[in-house]
Amino acid sequence: MKHYKKKRADINKRVRRFLNQHEEQKTETVCFMNLCMVEDGKGNVLALDKVNDSYTGTTFPGGHVEKGEIFTDAVIREVYEETGLTIENPLFCGVYHWNKSGIHHVIFLYKADQYSGILHSSEEGSVYWIPLDELKEKELATGMEYVLKMMESAQINECYMHLEDGKYVGTLY
């Protein structure tokens, strides 16, 4: 009887170890960010010419979500820090994401057409109002063509970027 109790205990340990390893495979390291297309009601959007890091080109204001921060609060804060404008009631529009170096990068996309404050540029780059059609002609930051498709569509709300022949390519859902 003693022999079988020990065997049972060993089997239980192995099962628990297996289940714990399986659980660990379900989790991953994630980096949350946001972008917001601010519209002025006259056909213009707020553009940011990003200059100071590896993500350069014309984009929308946004940035990283801080630990413990509410996503909506993060986009309001980031737009204010980069533009001087306080947006109200940002509308969630979708998710743009990719995996790189073991980290799942997730950007929450928002639109806002209510704001207050005085527009000013920041260390992130110059901000200015521009017609949406003209924005599309600028040298866009990586992936912005997919972001714009999502912002303009009521049916598309997710873009997953994946490597294809050493280059990131987006799939829209």
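How many helices and strands are there in the protein chain? The protein chain has 4 helices and 11 strands, where helices (H or I, at least four residues) and strands (E, at least two) are DSSP runs numbered from the N terminus. Before we look closer, note that this is a predicted model, in which local features need pLDDT of at least 70 and side-chain atom pairs count only at pLDDT 80 or more, while totals for chains, interfaces and linings use all residues. Residues are numbered from 1 along each chain as its sequence is written, and side-chain values use heavy atoms, with hydrogens and water left out.

**View 1. The whole protein chain.** Let's start with the overall dimensions. Taken along the principal axes, the C-alpha atoms fill a box of roughly 80 × 35 × 35 Å. The radius of gyration of the protein chain is 22 Å, whereas a compact globule of 173 residues would have one near 16 Å; this radius is taken over C-alpha atoms, and the globule rule is 2.2 Å times the number of residues to the power 0.38. Of the 173 residues, 38% count as buried, meaning under 20% relative accessible area (exposed is over 50%, partly exposed in between; 1.4 Å probe, protein chains only). The accessible surface comes to about 11000 Å², and 52% of it belongs to carbon and sulfur atoms; such areas come from the Shrake-Rupley method with a 1.4 Å probe, and for residues only the protein chains shown count as cover.

**View 2. The open sheet of 6 strands.** Follow the order 4-1-7-6-10-11 across this sheet, whose pairing is mixed. Two strands pair if DSSP finds at least two bridges between them. Strand 4 and strand 11 stand at the edges with a single partner strand each, so one side of each has no neighbour in the sheet. From one strand to the next, the twist averages 20 degrees; the axes behind such angles are lines fitted to C-alpha atoms, for helices over the stretch in contact, and angles run from 0 to 180 degrees between N-to-C directions.

**View 3. Strand 7 and its partners.** Is strand 7 mostly covered or uncovered? It is mostly covered, with 8 of its 10 residues buried. Strand 1 runs parallel to strand 7, and 10 bridges join them; look for Thr-29, whose bridge partner in strand 7 is Ile-103. Strand 6 runs antiparallel to strand 7, with 9 bridges joining the two, and here Gly-94 stands opposite Leu-109. The hairpin of strand 6 and strand 7 has 2 residues between the strands, and in it Ser-101 takes a positive phi near 55 degrees.

**View 4. Strand 10 between strand 6 and strand 11.** Strand 6 (residues 91-100) and strand 10 (residues 158-164) run parallel and are joined by 4 bridges. You can find His-97 opposite Tyr-160 in strand 10. With strand 11 (residues 167-172), strand 10 pairs in the antiparallel sense over 6 bridges. Here Met-161 stands opposite Gly-170, and Leu-163 has Tyr-168 as its bridge partner. In the hairpin of strand 10 and strand 11, 2 residues lie between the strands, and Asp-165 takes a positive phi near 55 degrees.

**View 5. Helix 2 across the sheet.** Helix 2 lies across strand 1, strand 4 and strand 7, and runs at about 60 degrees to strand 1. The 13 residues of helix 2 (residues 71-83) should span 18 Å at 1.5 Å a residue, which agrees with the 18 Å between its end C-alpha atoms; the expected span is 1.5 Å times one less than the number of residues. Among the buried residues of helix 2 are Ala-74, Arg-77 and Glu-78. The buried residues of helix 2 pack against several strands, including strand 2, strand 5 (85-88) and strand 9, where contact means heavy atoms within 4.5 Å. After helix 2 comes Gly-84, with a positive phi near 85 degrees.

**View 6. The open sheet of 3 strands.** This sheet has the order 3-2-9 and antiparallel pairing. Why is one side of strand 3 (57-59) and of strand 9 (125-131) left without a neighbour? Both stand at the edges, each with a single partner strand, so one side of each has no neighbour in the sheet. The twist averages 30 degrees from one strand to the next. Strand 2 (residues 44-50) pairs with strand 3 in the antiparallel sense over 3 bridges, and Leu-48 stands opposite Thr-59 in strand 3.
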